[in-house]
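Trainee: I keep meeting words like "buried" and "pocket", and I'd like to know what earns a residue or a space its label. Can we go through some together?

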Amino acid sequence: MKIQEADAKALLVGQGLPVPGWEVARTTAEARAAAERFLRSGADRVVIKAQVLVGGRGKAGGVKLAGSADEAEAVAGQILGMEIKGIPVRKVLVAEAADIVKEFYLSAVVDRAARRILLMGSAEGGVEIEQVAVDQPEAIRRTHAHPYLGLLDHQARQFAFSMGLGAHWKTAAQIARGLVATMLAHDADLVEINPLAIIRDPGADRHGGERLVCLDAKITLDDSALARHPGLEELRDPDEEDPADREARKAAISFIKLDGTIGCMVNGAGLAMTTMDLVKRAGGEPANFLDIGGGARADKVAAAMRIILSDPKVSAILVNIFGGITRGDEVAHGLIEARRQQERDVPMVVRIVGTNAPEADVLLREARFETAGSLDEAAAKAVAASRGAVA
Ligand code: GDP
Ligand code: MN
């Protein structure tokens, strides 16, 4: 689950990291009022930033500075009226504009192969780190945190120096450790600060009064660990959750949308992967990964069907059920009910084996469903049906 910059910053503050203060505004009037508060308490300028769950907001024109309340209102109006990568901006973050001396990159991710948290840092901050990784991989520093001891002092120090943060090594080491702490405290997959910035304190002369702060924050949380952190659920942004993802989550269905045309409904993650492979081998492209889970009842099957059909690209559906705890006849009832409710007529091929498969077969034949005995046959039929539907 991705969370907004403002919420990510709050989690960083919770771990004691230096983050300049901010406010969130949903309207130009709120943005103006927030800007007035920052300007009145001594800020020369404010920064206004789109709150959307995509990167590259700066490049897209979603990060702008303003020197007065009027300007802040106008700039907030521009940003609140735009779409970034197809997502309408519904809220902005307002903060005192930082006087940036230099931008760095710092992140923590789960390194599955090493089974540790990996810290990555670079003096090439503020830009797209993916490009840095391609063009000059040596510019990215890496170090692993120890699973029990965390990031050791000497590691943090060495890391800070290698990033060119020598003069700020104490804060840099504290921030690096704070990233690891944030990962552990909330079961995050990623904590990214880009830019981590050296900023000049307001009123300071050219050389004095510099500080290291987190100017941007991006955190993704491990969905599978959310049950352990009930408080984090409220950070889910309903403005940006895809309706299909929302329905899948509510029905406890594992669903990942893909780009193809063959909707897949399967029970079990491994079987779902195999089904996708066989669709590809038969010359088709899966429209999704969908696992209805073990013991699914008719209503869950109907929900899965609605989710699959909500994708307009789906031109055929392949249902592949291996009955164990899940009963074949229960799934068949669900499919029949789902087809009754269904608004769009899409050809469907059903393969059900295992528990109560003969009963399922009788029900499906009576309801005139297209069935298949083997998975190869089912995949071939689904691909053929999707071509027929397209032609
Ligand atoms: P992103 O483009 O979505 O990653 O958004 P960021 O928050 O990283 O902002 C993009 C860029 O805008 C940063 O790399 C900075 O160069 C600039 N920026 C962000 N905040 C400030 C600020 O307070 N002052 C100044 N001068 N520039 C800022
Ligand atoms: Mn950024």
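Mentor: Sure, and let's start with a sorting rule: Ala, Val, Leu, Ile, Met, Phe, Trp, Tyr, Cys and Pro count as nonpolar, Asp, Glu, Lys and Arg as charged, and the others, Gly among them, as polar. With that rule, the lining of the largest pocket splits into 18 nonpolar, eight polar and 14 charged residues. Keep in mind that this is a predicted model.

Trainee: How much space lies in the largest pocket, and which residues are closest to its centre?

Mentor: The space comes to about 1,000 Å³. Of its 40 lining residues, Arg-57, Gly-58, Asn-194, Pro-195 and Asp-216 are the closest to the centre.

Trainee: What makes Asn-194 and Asp-216 donors to the manganese ion (ligand 2)?

Mentor: For this metal, a donor is an N, O or S atom within 2.8 Å. Asn-194 (O) and Asp-216 (OD) coordinate the manganese ion at 2.1 to 2.2 Å, so they pass the cut-off. Asn-194 sits in strand S11 (residues 188–200), while Asp-216 sits in the loop between strand S12 (210–214) and strand S13 (218–221), so the pair ties together parts 22 residues apart in sequence. Both residues are buried, too.

Trainee: Why is Asp-329 called buried?

Mentor: The label needs under 20% relative accessible area. Asp-329 has 12%, so buried is the right word. Asp-329 belongs to helix H10 (residues 328–341). Leaving aside neighbours within four places in sequence, Asp-329 is in contact with Asn-356, Glu-359, Ala-360 and Leu-363.

Trainee: And Arg-236, is that one buried or exposed?

Mentor: Buried: its relative accessible area is 16%, and the label needs under 20%. You'll find Arg-236 in the loop between S13 and H7.

Trainee: How do you know that the side chains of Arg-236 and Glu-233 make a polar contact?

Mentor: The distance limit for a pair of N or O atoms is 3.5 Å. The contact between these two side chains is at 2.7 Å, so the distance fits the limit.

Trainee: What does Arg-236 touch beyond four places in sequence?

Mentor: Arg-236 touches Met-1, Leu-226, Glu-241 and Arg-249. Take Met-1: it is 235 residues away along the chain, yet the C-alpha atoms of the two are separated by 7.1 Å.

Trainee: Which residues are closest to the centre of the second largest pocket?

Mentor: The second largest pocket has a volume of about 820 Å³. Among its 20 lining residues, Met-1, Asp-223, Arg-236, Glu-241 and Asp-245 are the closest to the centre. Helix H7 (243–250) and strand S14 (254–257) are the elements giving two or more residues to that lining. By class, the lining has ten nonpolar, one polar and nine charged residues.

Trainee: What makes a space a cavity and not a pocket?

Mentor: A cavity is where a 1.4 Å probe fits but cannot get out, whereas a pocket is open. The count here is one cavity of 30 Å³ or more, and the volume of the largest cavity is about 30 Å³.

Trainee: Why is the lining of the largest cavity counted as nine nonpolar residues?

Mentor: Check the names: Leu-106, Ala-156, Phe-159, Ala-160, Met-163, Leu-165, Ala-172, Ala-176 and Leu-196. Leu, Ala, Phe and Met are on the nonpolar list, so the split is nine nonpolar, no polar and no charged. Helix H5 (153–162) and helix H6 (169–186) each supply at least two of the lining residues, and H5 gives the most, with three.

Terms used
Residues are numbered from 1 along each chain as its sequence is written. Chains are lettered from A and ligands numbered from 1 in the order in which they are written. This is a predicted model: local features need pLDDT of at least 70, side-chain atom pairs count only at pLDDT 80 or more; totals for chains, interfaces and linings use all residues. Side-chain values use heavy atoms; hydrogens and water are left out. Helices (H or I, at least four residues) and strands (E, at least two) are DSSP runs, numbered from the N terminus. Buried means under 20% relative accessible area, exposed over 50%, partly exposed in between (1.4 Å probe, protein chains only). Contact means heavy atoms within 4.5 Å. Donors are N, O and S atoms within 2.8 Å of the metal (3.2 Å for Na, K and Ca); water is not among the atoms, so sites may look incomplete. On a 1 Å grid over the protein atoms alone, a cavity is a set of points where a 1.4 Å probe fits but cannot get out, and a pocket is an open set with protein on both sides within 12 Å along at least five of seven lines; lining residues have an atom within 4 Å of a point. Grid points are joined across faces, edges and corners, and a volume is the space filled by probe spheres set on the points. A polar contact is a pair of N or O atoms within 3.5 Å; within protein, one must be able to donate a hydrogen and the other to accept it, and residues adjacent in sequence count only if both atoms are side-chain atoms.
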